[in-house]
Amino acid sequence: MNRPGRARVGLLLTVVTAALLTACTGTEADPARADATPTTRPTSTPTSSPSPSPIPTSPPPPTASPTPSTAAEIAEAVDKWYTYGGETAMVSLIKEARNAESDRPREAFELVVLDFGGLTEALSTARLMGPIPDPKTRTAWAAAIEHLDGAVREILDSVPKSGRTIQSPQETGQMLRGWSTFDEGIKSLKAAQALLNRRFGLKPSVDPWEAGA
């Protein structure tokens, strides 16, 4: 899916940040006077009270559903994860990662337009799906989300400030580190997809890594 504004016309990136400012006000208590006389309070004679009735014990909470442990249980849980949104989340994340990667600068002083909006939304959707029930696939999927999210943050933070269009050496280094982290995210994303296919026979009808998918 082509995105508007992908032409390499200039290093343009809009970062919207919001800060919540809170003002705290308070009053100070008047200091106690040294010569103040304390107020005398009347005392009362304690009266005996009947012993409280024993509090009835509430029944124990219901036992949580057991975590899938056998191969059959894990396979069933993974199939449900994939069927009820997991496939859509993974395909969307792959496509948006491909879109973001297509705007990657390829040579020094190349002017580019960066757009990570779609990738950021796909990462949010992927998090909402929760972990994959299979431990090995879950590790690869979580690593993909973590690396891609970290890459987006680092690359955005490397964009020149104050209207400049040329990065400083420090900003360039940070951007390169961000794209290196992005590559690690792509590797983990491919690994998660391959594990779902190899271990559980789950794969999308159309390969989302292919151009035009």
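In which helix does Ser180 lie? Ser180 is found in helix α4, where helices are DSSP runs of H or I with at least four residues, strands are runs of E with at least two, and both are numbered from the N terminus. The structure is a predicted model, in which local features require pLDDT of at least 70 and side-chain atom pairs count only at pLDDT 80 or more, whereas totals for chains, interfaces and linings use all residues. Residues are numbered from 1 along each chain as its sequence is written, and side-chain values use heavy atoms, with hydrogens and water left out.

The secondary structure of the chain consists of four helices and zero strands, and the pattern read along the sequence is α-α-α-α. Of the 213 residues in the chain, 31% are buried; the term denotes a relative accessible area under 20%, with exposed standing for over 50% and partly exposed for values in between, for a 1.4 Å probe and protein chains only. The chain exposes about 15100 Å², of which carbon and sulfur atoms supply 57%. Accessible areas were obtained by the Shrake-Rupley method with a 1.4 Å probe, and for residues only the protein chains shown count as cover. Among the contacts in the chain with a separation of 6 or more, 75% are between residues 24 or more positions apart, a contact being heavy atoms within 4.5 Å.

Two packed helices are described by the angle between their axes and the distance between the axes. For helix α1 (residues 71-102) and α3, the axes come within 13 Å and cross at roughly 35°. The axes are lines fitted to C-alpha atoms, for helices over the stretch in contact, and the angles run from 0 to 180 degrees between N-to-C directions. The crossing of α1 and α3 is left-handed, that is, the near helix is turned anticlockwise from the far one by less than a right angle, while a clockwise turn would be right-handed. On the α1 side the contact is made by Trp81, Ala89, Met90 and Leu93, and on the α3 side by Trp141, Ile145 and Leu148. By class, this contact of α1 with α3 has seven nonpolar, no polar and no charged residues. Here Ala, Val, Leu, Ile, Met, Phe, Trp, Tyr, Cys and Pro count as nonpolar, Asp, Glu, Lys and Arg as charged, and the others, Gly among them, as polar.

Leu93, located in helix α1, is buried, with a relative accessible area of 0%. Apart from neighbours within four places in sequence, Leu93 is in contact with Leu119, Ala122, Leu123, Ala126, Trp141, Ile145, Leu148 and Leu189. Leu93 and Ile145 are 52 residues apart in sequence, and their C-alpha atoms are 8.9 Å apart in space.

Pro131 occupies the loop between α2 (117-128) and α3 and is exposed, at 59% relative accessibility. With neighbours within four places in sequence left aside, Pro131 is in contact with Trp81 and Arg138. The C-alpha to C-alpha distance from Pro131 to Trp141, 10 residues apart in sequence, is 7.9 Å. In helix α4, Ser180 is partly exposed, with a relative accessible area of 40%. The C-alpha atoms of Ser180 and His147 are separated by 9.4 Å, with these positions 33 residues apart along the chain counted as their separation.

A search of the whole structure finds 10 salt bridges, each defined as a side-chain nitrogen of Lys or Arg within 4 Å of a carboxyl oxygen of Asp or Glu. One of them joins Arg153 and Asp149, whose closest N and O atoms are 2.9 Å apart. Arg153 and Asp149 are four residues apart in helix α3 (residues 135-157), and so are separated by about one helical turn. Arg153 is exposed, at 56% relative accessibility.

A salt bridge also links the side chains of Glu171 and Arg164, at an N to O distance of 2.9 Å. Glu171 is buried, with a relative accessible area of 11%, whereas Arg164 is partly exposed, at 38%. The salt bridge between Lys187 and Glu184 has an N to O distance of 3.7 Å. Both residues lie in helix α4 (residues 169-200), three residues apart, or about one turn of the helix. Lys187 is exposed, at 55% relative accessibility, and Glu184 is partly exposed, at 35%. Glu101, Arg104, Arg106 and Asp183 are linked in a network of salt bridges.
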